[in-house]
Amino acid sequence: FADIFKDKDFLWGAGTAAYQCEGAWNEDQKGLGEWDYFNHNSKLNINHTDGDVASDFYHRYREYIDLLAEGHQNTIRFSISWARILPKGTGQVNQKGIDFYNRVIDYAIEKNLEPNISLFHYDLPYELAVDGGWLNRKIVDYFANYAKICFENFGDRVKIWATINEPRYYSYCVNVVGNYPPNRHLDFQSYFQYQYNLMLASAKAIKIYHDLGLDGIIGVVHDNGNVELAPETKNKKNVQLIGDFFYNRQILCPALLGKMPEETDEVLAAFNCLLYREKDDKELLAAGKADYLGLNLYNRQYLTDGTKDVTKVFHNNQGSRSKAKEGIQIHNLFKSAFDPKVKRNQWGREELPRVMYTALCEVQRKYQPKLIMITENGHGGYEQADETGFVNDEQRIKLTAEFLKYLLKAKSEGVKVHGYYHWSAMDLYSWINGYEKRYGLIRVDFAHQLALTPKKSYYWYRDFIDQYFSGSLK
Ligand code: GCO
């Protein structure tokens, strides 16, 4: 990895995702995406909003990149919209889509922002979605084909790639919670199969990348949550095993060790599920190990025993807010527990920055990745700007400072973490809350011509980066 870190030592940046920030949903021959269709047509889109314009990154990428560079960041994470490159998911390549990403990549590099690109961040082309999406085995080849096109067009300049963003959480929302299209609810069979197919596709893309002999790195972005058990848990061993499989191992084992966990069949049987596999899958997984791990880190998975009767998993678009007080029934095998001692944010999620340290150490110890980057971390909330558009987001600063303290502690103890991407670079579309919930370092005024104003956290982050590089961090 010497080249990437030659002049940078540590990557400090912020992240975005195509559907969440680009807008321009039907411009320049972009194909229809599953999220375009869902947001325009489904009554389950209870936010009544969409990513048609979003933060208008498609037209204003230069302004955003300028601001990030002026904030002394040295990298930018974004994703490619599959349907911009291949409007139907397969077949004809859309040159205008290629041109757009070339412009973004070139401008980022000009401004000394190392591009870190995810190939898939939830926005499946519509044609593939109606053809079974990630349940259809053929998607492994479709994805590999799309990935190859991206490597061939951008791989000369892009040195950091990720195949899939959060395969686990994505599959969970699509198949269990039901708040992502096509909104399957408590369908564990599809949940497991989806993830498995995502990991096969990821492995195939990684193998292609390596075969092309390009001189960058490629990884998988996982939403980590260490499993921790509530003290009242009776069946500790099983809850730990099943929880860790469910939240981590079914992704991390194929991604980093090149194979499914040994307990796969046993755990799936407990869920009354069966994985469809083909005979060459093992070789495929073994041949497509990630060079690094991207971790999206916000909290832990705090679990306890399940109950026999499966009560309803929240089937609405409000994230974990609705059931947070009593913990969430996930399956009769386990449920999420509620820890009254831990502070929570407006979405009922725990605010527990020490998980940055525990998760990094655990991943390093169990899987020994050669390199880890925190590909997401941050704080979402409702926010008020003053009359000039400025947001005094002390809470984001406070939490981020804590998270980073723990990151640097893990690093000083030998964890191989070399990058951090704040989520998100600017305010953008939230899959679960539309534009209410804000994550950005840069305020976007969605009601007024998308005026951009850096928040207090943007300046704080800039100073933090300066202090890191000057060695003056306290
Ligand atoms: C939301 C989510 C997202 C995710 C991101 C995952 O509110 O929609 O928090 O912004 O964090 O897309 O990679």
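**Exercise 1. A positive phi in a loop**

Where does D28 lie? Find the place of D28 in the chain, then classify D28 by its C-beta neighbours and inspect its phi.

Solution. The model is predicted.
- Step 1: D28 belongs to the loop that joins α2 (18-21) and α3 (34-41).
- Step 2: Around D28, 13 other C-beta atoms lie within 10 Å. A residue is buried at 20 or more and exposed at 12 or fewer, so D28 is partly exposed.
- Step 3: The phi of D28 is near 50°, which is positive although D28 is not a glycine. Most residues other than glycine have a negative phi.

**Exercise 2. A second positive phi**

Is A54 buried or exposed? State also its phi and its loop.

Solution.
- Step 1: A54 sits in the loop between α3 and α4 (57-70).
- Step 2: Its phi is near 50°, again a positive value in a residue other than glycine.
- Step 3: A54 has 27 C-beta neighbours inside 10 Å, and therefore counts as buried.

**Exercise 3. Two cis peptide bonds**

Describe the peptide bonds from P181 to P182 and from W423 to S424, and place P182 and S424 in the chain.

Solution.
- Step 1: Between P181 and P182 the bond is cis, and omega is near 5°. P182 is found in the loop between α9 (167-177) and α10.
- Step 2: The bond from W423 to S424 is also cis, with omega near 5°. S424 is found in the loop between β12 and β13.
- Step 3: As background, most peptide bonds are trans.

**Exercise 4. The residue after S424**

Which residues does A425 contact, leaving aside its neighbours within four places in sequence? Assess its burial as well.

Solution.
- Step 1: A425 lies in the loop between β12 (417-423) and β13 (442-445).
- Step 2: A425 counts as buried because it has 28 C-beta neighbours inside 10 Å.
- Step 3: With those sequence neighbours left aside, the contacts of A425 are A14, G15, T16, Y64, L68, I76, G440, L441 and I442.
- Step 4: For a pair far apart in sequence, take A425 and E110: they are 315 residues apart along the chain, and their C-alpha atoms are separated by 18 Å.

**Exercise 5. The ligand shell**

Which residues surround the ligand, and how do they divide by class?

Solution.
- Step 1: The surrounding residues are A17, N165, E166, N296, E376, G380, W423, S430, W431, I432, N433 and K437. W423, listed here, is also a partner in the cis bond to S424.
- Step 2: By class, the shell holds four nonpolar, five polar and three charged residues.

**Exercise 6. Helix α10 and its two partners**

Work out how α10 packs against α9 and against α11.

Solution.
- Step 1: The axes of α9 and α10 come within 9 Å and cross at roughly 150°. Angles over 145 degrees count as roughly antiparallel, so α9 is roughly antiparallel to α10. The crossing of α9 past α10 is right-handed.
- Step 2: On the α9 side the contact includes P167, R168 and S171, and on the α10 side it includes F188, S190 and Y191. The residues of this contact are nine nonpolar, four polar and one charged.
- Step 3: α10 (residues 188-211) and α11 (residues 236-257) pack at about 15°, their axes 10 Å apart. Therefore α10 is roughly parallel to α11. Here too α10 passes α11 in a right-handed crossing.
- Step 4: Q195, M199, S202 and A203 of α10 meet Q250, I251, P254 and A255 of α11. By class, that contact has five nonpolar, three polar and no charged residues.
- Step 5: Q195 and M199 appear in both contacts of α10.

**Exercise 7. Helices α14 and α15**

What is the handedness of the crossing of α14 and α15? Give the geometry and follow V355 at this helix.

Solution.
- Step 1: The axes of α14 (residues 355-367) and α15 (residues 394-412) come within 7 Å and cross at roughly 30°. That angle is why α14 is roughly parallel to α15. The crossing is right-handed.
- Step 2: M356, Y357, L360 and C361 in α14 meet F403, Y406, L407, K409 and A410 in α15. This contact has eight nonpolar, no polar and one charged residues.
- Step 3: V355, in α14, is buried because 24 other C-beta atoms lie within 10 Å. V355 and L407 are 52 residues apart in sequence, and 9.4 Å apart from C-alpha to C-alpha.
- Step 4: Not counting residues up to four places away in sequence, V355 touches N226, L297, N299 and R300.

Note on methods
Residues numbered from 1 in each chain as written. Predicted model: local features only at pLDDT ≥ 70, side-chain atom pairs only at ≥ 80, totals over all residues. Axes fitted to C-alpha atoms, helices over the stretch in contact; angles between N-to-C directions. Helix = DSSP H or I, 4+ residues; strand = E, 2+ residues; numbered from the N terminus. Parallel < 35°, antiparallel > 145°, perpendicular 65-115°, else oblique. Left-handed = near helix turned anticlockwise from the far one by under 90°. Contact = placed C-beta atoms within 7 Å. Nonpolar A, V, L, I, M, F, W, Y, C, P; charged D, E, K, R; others polar. Near = placed C-beta within 6 Å.
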